[in-house]
Amino acid sequence: MEKESFFIMLMLLLVIPWTLQGKAAVSSVKKKDPVKDCVIDTKNKTNNCQNTTALPIFNQTVTPKPKLAEFQIEQRKTISITKDDLNDLLDVYMTKLAENAVAINEKEHEIDQLQSLNKTEEDHMKKYQELSDACNAQNVSFATVLNEKDALIKNLRINSSIIETRLKRKQHFMSIYKKLNATNTATIRDLKKRVLYLEARLKERKDDLLADWEAATDSCLPHGNSFGIHLIQLPDFRPFLVPCDGSTVAGAGWTVIQRRLDGSVDFYRNWDEYRKGFGKLTGEFFIGLEKLHRLTTFQPHELYVSLKLFNGTKRYALYEDFVIGSEAEGYELKLLGHYHGDASDALRTHDKMKFSTYDRDHDEFTHMNCAEHHHGAWWYDFCSRSNLNGKYFKRQTDDAQGIFWERWYSYQSLKSVEMLIRPKQS
């Protein structure tokens, strides 16, 4: 197309001056003599010329022969063309030029549209790039959140597994508890029956206590040779229960004030507990220093100590008088009468001594606490020839912390001990 446009422009540049020249030539023909008309054949390098006879101007009518135009296309190539053909060719190319102009306008319009479209596409591309960057950033953020969620899910799965295991254990325990519940239901039913029975017994015992209250005595003498728990009533002191034992070899009417049998009760206690008393009246127990003070000061008492060795040997010690002082006096062993028996007079060195516990030291030693040393509580001096409130050993041993009687021979532990008192008037 570029060659055709160039050729058309070249033809226009040649046609316009040639047309002007043609008009001038026509007017000049009338004045000049006829000339040779030549056609130059550039191909054959010949000149074809026709000689014309000079005619009188006034008798000749001149018909101008169409003027030929010569165009050199390439080197050594020339095209000769007439004016009419040139005009026709010009019309053709003018039409072609107009069509090309329209086509050019259409192409320019198309180019404008394409440029506009390209600009729109660039905007779209830019927007797409921005959205792509935003999406990438969001993807990174989502990836981080996703990793966190994955970690959370993993932890939740672990926790779920743990909870599931615990739930299975709880279900297992629940089944066990259901069985236990069924067993407990039966046990509760039996216990309710037992409670009803005990309530009846309690009512009976209450009636007995009321009867004992009405028949309360100041010692166990009225109960003779019987064995049981009875109520003692002393002046200006609340009534209290004591075990009465009339079945001893020493006779009837004895009140048990201390008993060691099997080590079921811990006797390593403080001052306040020894003051109030502790243990079970039917088992191991200590009556209490305050009660002992009230009993022995209300009327004269004698003391009977029953001892049993692990080899089965039994011995006893009987003291004709036994009086305990008040708390203000440190529950002093104020009076200890003459000794009778086969055990030994091991309590004699404790006469006139105050009672000592690990938190109330009344012994004669200044550099140690005899209650701590002998793991007990007693009327210690330097420190002890007897220790009936010491530590209970379930087999025979030689230990200063044990229950022993008569230090000079050994610390041989005893299997059982009972201390009993009885009013002297018997």
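This is a short chat about helix 4 and two loop residues, Ser-219 and Pro-235, in a predicted model.

Colleague: What should I know before we start?
Modeller: The model is predicted, so local features need pLDDT of at least 70 and side-chain atom pairs pLDDT 80 or more, while totals for chains, interfaces and linings use all residues. Residues are numbered from 1 along each chain as its sequence is written, and side-chain values use heavy atoms, without hydrogens and water.

Colleague: Helix 4, then. How many of its residues are buried?
Modeller: Seven of 10, in a helix that spans residues 289-298. Buried means under 20% relative accessible area, exposed over 50%, partly exposed in between (1.4 Å probe, protein chains only). Helices are DSSP runs of H or I, at least four residues, and strands are runs of E, at least two, numbered from the N terminus.

Colleague: Which ones are buried?
Modeller: Leu-289, Glu-290, Lys-291, Leu-292, His-293, Leu-295 and Thr-296.

Colleague: New topic. Where is Ser-219?
Modeller: In the loop between helix 2 (83-214) and strand 5 (227-232).

Colleague: Why does Ser-219 count as buried?
Modeller: Because its relative accessibility is 3%.

Colleague: What does Ser-219 touch?
Modeller: Ile-232, Gln-299 and Pro-423, leaving out residues up to four places away in sequence. Contact means heavy atoms within 4.5 Å. A polar atom of the Ser-219 side chain also lies 3.3 Å from the backbone nitrogen of Leu-221.

Colleague: And Pro-235: where does it lie?
Modeller: Pro-235 is in the loop between strand 5 and strand 6 (240-245). It is partly exposed, at 47% relative accessible area.

Colleague: Which residues does Pro-235 contact?
Modeller: Arg-294 and Phe-298, setting aside neighbours within four places in sequence.

Key:
Polar contact = N/O pair within 3.5 Å; in protein donor to acceptor, adjacent residues only side chain to side chain.
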